[in-house]
Each structure stands twice: as structure tokens, then as C-alpha cells.
Amino acid sequence: AKIKAAMKQSKKLEEKQQAEETAKREDALKASAGDIFRMKDDHVAGNPEGDVTIVEFFDYNCGWCKKGLPEVLSLLESDKELRFVLKEFPIFGEDSDYAAKAAIAAGSQGKYWELHVAMLSYEGKITKPIVDELAAAQGLDMERLAKDMESPGTADLLSRNRELASALAINGTPAFVIDDKLVPGYLPKDDLAASISETREKGCSLC
């Protein structure tokens with residue numbers, strides 16, 4: 001009986017912690033909605049004027065992010081009213097940091113999306129030499145890229161993304177923000193599409 005009571009107590013505590021975390025996330029989503037959905041330097045894919053916005057926090061060395069790329073591409077192809085915001089959130093070490101900086105820097109040459117897709121489509125581990133190889137293959141000016149990767153703007157964007165992730169209690173990738181909901185983990189296309197339809201029906205409260 002004692003064990004049962006202790007297990008019950010532990011479950012209660014877990015539920016309470018989950019409820020607190022959910023409440024904390026909801027508050028953070030409302031407080032940071034501007035930065036989450038409309039941060040000036042974020043790359044926006046799909047329709048910039050779309051009626052529903054999805055935000056993805058991702059890492060170029062995250063297997064589930066790579067698995068989700070075809071789903072996201074297919075969704076953007078089929079839903080012309082979708083606005084998709086990408087937030088680099090490198091959590092797998094130096095190579096991931098380097099890849100995130102390269103993608104952001106590629107944006108100033110108008111090649112963010114091309115490099116993003118190339119890196120997420122790459123089947124092995126994304127390392128510094130692979131990033132350089134893929135960037136060169138996209139026709140990027142490598143000297144300019146290296147300079148832009150070390151710019152204060154690139155560092156600032158990454159640190160703002162990290163602050164947001166921390167406020168939203170995101171500690172893994174991918175993580176999706178769909179209007180006022182945060183969904184950690186991989187989402188198949190059907191689940192993403194269902195959440196978008198639901199948001200579309202009720203109207204965006206934050207996005």
C-alpha cells in the first residue's frame with residue numbers, strides 16, 4: 001500500500017510539474033509572440049502573407065528534423081496560404097553551430113533556403129567541411145559567407161533563438177509552434193496539416 005501511495009504521489013507531482021510547464025509555456029508564447037512569429041531576421045518560407053504561421057526550431061544534425069523535411073516541403077507545396085518560419089537552434093555541438101551560422105549568413109546572399117534544404121537533405125553528419133562543400137555547390141561567395149558567419153547580426157540572431165527556446169522550455173529538436181500551441185518532437189505531415197486546419201478554422205490568436 002505504501003508503494004502504491006508513493007507511486008500515486010509521484011504521479012501527482014509529475015502531473016503538477018507538467019501543468020506548470022504548460023502554463024509557463026503559454027505565458028511565454030503570449031509574451032514573446034512578436035519574436036516567435038515576426039522576428040525581423042528570421043527566414044520565412046512559403047507565403048510571407050499567409051494566414052497561418054508555423055515556426056520550427058531545428059538543428060541541422062537532428063535526425064528527426066531531417067526526417068521531417070520532405071513532409072514540410074510537401075506541406076508548403078500543397079498549402080499556398082502557409083507561412084513557415086525557421087529558427088536555427090543548434091544543440092548538437094560545434095558542427096551544428098557552424099551550420100546554423102552558415103545558413104543565416106547565406107541569407108544575405110539570398111541563398112538561405114537553398115543551403116537550408118541542402119544541409120537538411122544531407123544523409124550523414126553535417127560537419128564543417130560538408131557545410132563548406134554544400135555552400136560552394138549552391139554558388140555562395142565563400143569569402144563573404146565566412147565574414148558574415150562571424151558578424152554580430154548572426155551571433156545576435158542565434159542568441160535570441162536560444163533565449164526564446166529557453167523561455168518556451170524547448171530542450172530538443174524539432175519543436176513546432178503552431179499559433180498558441182507548442183508541439184515538441186517530430187510531426188508527420190497529416191498532423192501538421194490537421195493543426196493548421198484547426199488554427200485556420202478558429203483564426204490565429206497569436207500567429
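1. What covers the buried residues of α3? In this predicted model, the covering elements include the strands β1 (43-46), β2 (52-58) and β3 (82-88), together with the helices α5 (112-121) and α9 (189-202). The residues of α3 that are buried are C65, K66, G68, L69, V72, L75 and L76.

2. Helix α3 itself spans residues 63-78, 16 in number, and reaches 24 Å from its first C-alpha to its last, close to the expected 22 Å. The helix bends by about 35° at L69, with a proline, P70, following within four residues. L69 is also among the buried positions of α3.

3. The largest nonpolar core holds 38 residues, of which I54, Y60, F84, L115, M119 and I126 touch the most other members. Helix α5 gives the most to this core, contributing six residues. A second, separate core comprises 22 residues, including M39, A100, I170 and A175.

4. Leaving aside residues up to four places away in sequence, Y60 touches K66, E88, A99, A100, A103, Y112, H116, M119, L120 and I126. Of these contacts, K66 is a buried residue of α3, and A100 belongs to the second core.

5. In a regular strand, side chains alternate between the two faces of the sheet. Strand β4 (residues 175-178) is covered on both faces: A175 and V177 are buried on one side, F176 and I178 on the other.

6. β4 pairs with β2 in the antiparallel sense over four bridges, and F57 stands opposite A175. Four bridges also join β4 to the antiparallel β5 (residues 181-184), where L182 is the bridge partner of V177. Two residues lie between the strands of the β4 and β5 hairpin, in which D179 takes a positive phi near 55°.

Key: Residues are numbered from 1 along each chain as its sequence is written. This is a predicted model: local features need pLDDT of at least 70, side-chain atom pairs count only at pLDDT 80 or more; totals for chains, interfaces and linings use all residues. Side-chain values use heavy atoms; hydrogens and water are left out. The expected span of a helix is 1.5 Å times one less than its number of residues. The bend at a residue is the angle between axes fitted to the seven residues ending there and the seven starting there. Buried means under 20% relative accessible area, exposed over 50%, partly exposed in between (1.4 Å probe, protein chains only). Contact means heavy atoms within 4.5 Å. A nonpolar core is a set of buried Ala, Val, Leu, Ile, Met, Phe, Trp, Tyr and Cys residues joined through side-chain atoms within 4.5 Å. Two strands pair if DSSP finds at least two bridges between them.
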